Each structure stands twice: as C-alpha cells, then as structure tokens.
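Got your viewer open? Load the model, switch to a cartoon view, and let's take a walk through it together.

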Amino acid sequence: PAVGISVFITVVLSVGIRSTAWVTGVVVAVKLLIIVLFVGVGAAHVKLSNLSPFIPASTGSFGHFGATGVIRGAAVVFFSFGGFDQISALAQEAHNPQRTVPMAILTSLGIAVVLYVAVSLVLCG
C-alpha cells in the first residue's frame, strides 16, 4: 500500500497544482468527517463520572497528575500544533495576505483547538 500511495501522490503532484489542491481538500474533508463521526458517536457513550475529578490530585512527583501533570500534557500537545507556519509560507499566493493570512491562521487554530478538546473529552469520558 505504501508504494501505491507514493505513486499516487507523485502522479497528482506531477499533474498540477489544481489537482493537488483538490486531492488535498478531499483528504482533509475525509479526515474531518472521521473526527466528527468519532466525536458524535462517542459522545453518546460518555460517562460524566469519568470526568470527576477533572484534575486528579498530584501524586507528589512532578508531571504525575495535578497542576504539573496539566502543564506536562500541555507541553506535549503544544508540538501537535506545528504546521500552522505552512499557512504563512503560502502567503505569497494570497490576494490580500495582510488580511487573509492572520485570519486563516486564527481560524485553523480555533478549529484545531475545538477538535482536540472534543476528542479528548470523548476519549476520557
């Protein structure tokens, strides 16, 4: 399968930017559909008792539960927000980059945060 996917991506890239953009849009739509389906189906099975206490008491060692565990988790999740710099790299192709690039970065960041929170709540609940 890996070779087939590599060949497919090579063909799409060699055809042109319009087809690449279309394929990328389809892949993103499929990924978002899967995440929304997961959250929708999983939300029906959430037990609110699993979310209490929301921040468990610290065990005394750094990074295990408590406030330090929250900070440790935030540091790990921080790296998953990489990739937003690609939007600014494409600024040269925007019609009005001073207006659209910040809006695109903030919108995509907001969507990512909402999806991360929703998936996390469903997984923990």
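We'll begin with the whole chain and then zoom in on one pair of helices. Keep in mind that this is a predicted model.

**Stop 1: the whole chain.** Select everything and colour by secondary structure. You should find 5 helices and 0 strands, so to speak an α-α-α-α-α pattern as you read along the sequence. Now for the overall spread: the radius of gyration is 20 Å, well over the 14 Å that the globule rule gives for 125 residues, so the protein chain is more spread out than a compact globule. If you draw a box around the C-alpha atoms along the principal axes, it comes to roughly 55 × 35 × 25 Å.

**Stop 2: the surface.** Switch on a surface view. The protein chain exposes about 9700 Å², and carbon and sulfur atoms supply 75% of that area. How many of the 125 residues count as buried? The share is 12%.

**Stop 3: helices α2 and α5.** Go back to cartoon and select residues 17-43, which are α2, and residues 97-124, which are α5. The two pack at an angle of about 40 degrees, with their axes 9 Å apart, and α2 passes α5 in a left-handed crossing.

Next, show side chains where these helices touch. From α2, pick Leu 32, Ile 35, Phe 38, Val 39, Gly 42 and Ala 43. From α5, pick Leu 115, Ala 118, Val 119, Val 122 and Leu 123. Colour this set by residue type: 10 are nonpolar, 1 is polar and none is charged.

**Last stop: contacts along the chain.** Zoom back out. Among contacts with a separation of 6 or more, 49% join residues 24 or more positions apart.

Terms used
Residues are numbered from 1 along each chain as its sequence is written. This is a predicted model: local features need pLDDT of at least 70, side-chain atom pairs count only at pLDDT 80 or more; totals for chains, interfaces and linings use all residues. Side-chain values use heavy atoms; hydrogens and water are left out. Axes are lines fitted to C-alpha atoms, for helices over the stretch in contact, and angles run from 0 to 180 degrees between N-to-C directions. Helices (H or I, at least four residues) and strands (E, at least two) are DSSP runs, numbered from the N terminus. A crossing is left-handed if the near helix is turned anticlockwise from the far one by less than a right angle, and right-handed if clockwise. Contact means heavy atoms within 4.5 Å. Ala, Val, Leu, Ile, Met, Phe, Trp, Tyr, Cys and Pro count as nonpolar, Asp, Glu, Lys and Arg as charged, and the others, Gly among them, as polar. The radius of gyration is taken over C-alpha atoms; the globule rule is 2.2 Å times the number of residues to the power 0.38. Buried means under 20% relative accessible area, exposed over 50%, partly exposed in between (1.4 Å probe, protein chains only). Accessible areas come from the Shrake-Rupley method with a 1.4 Å probe; for residues, only the protein chains shown count as cover.
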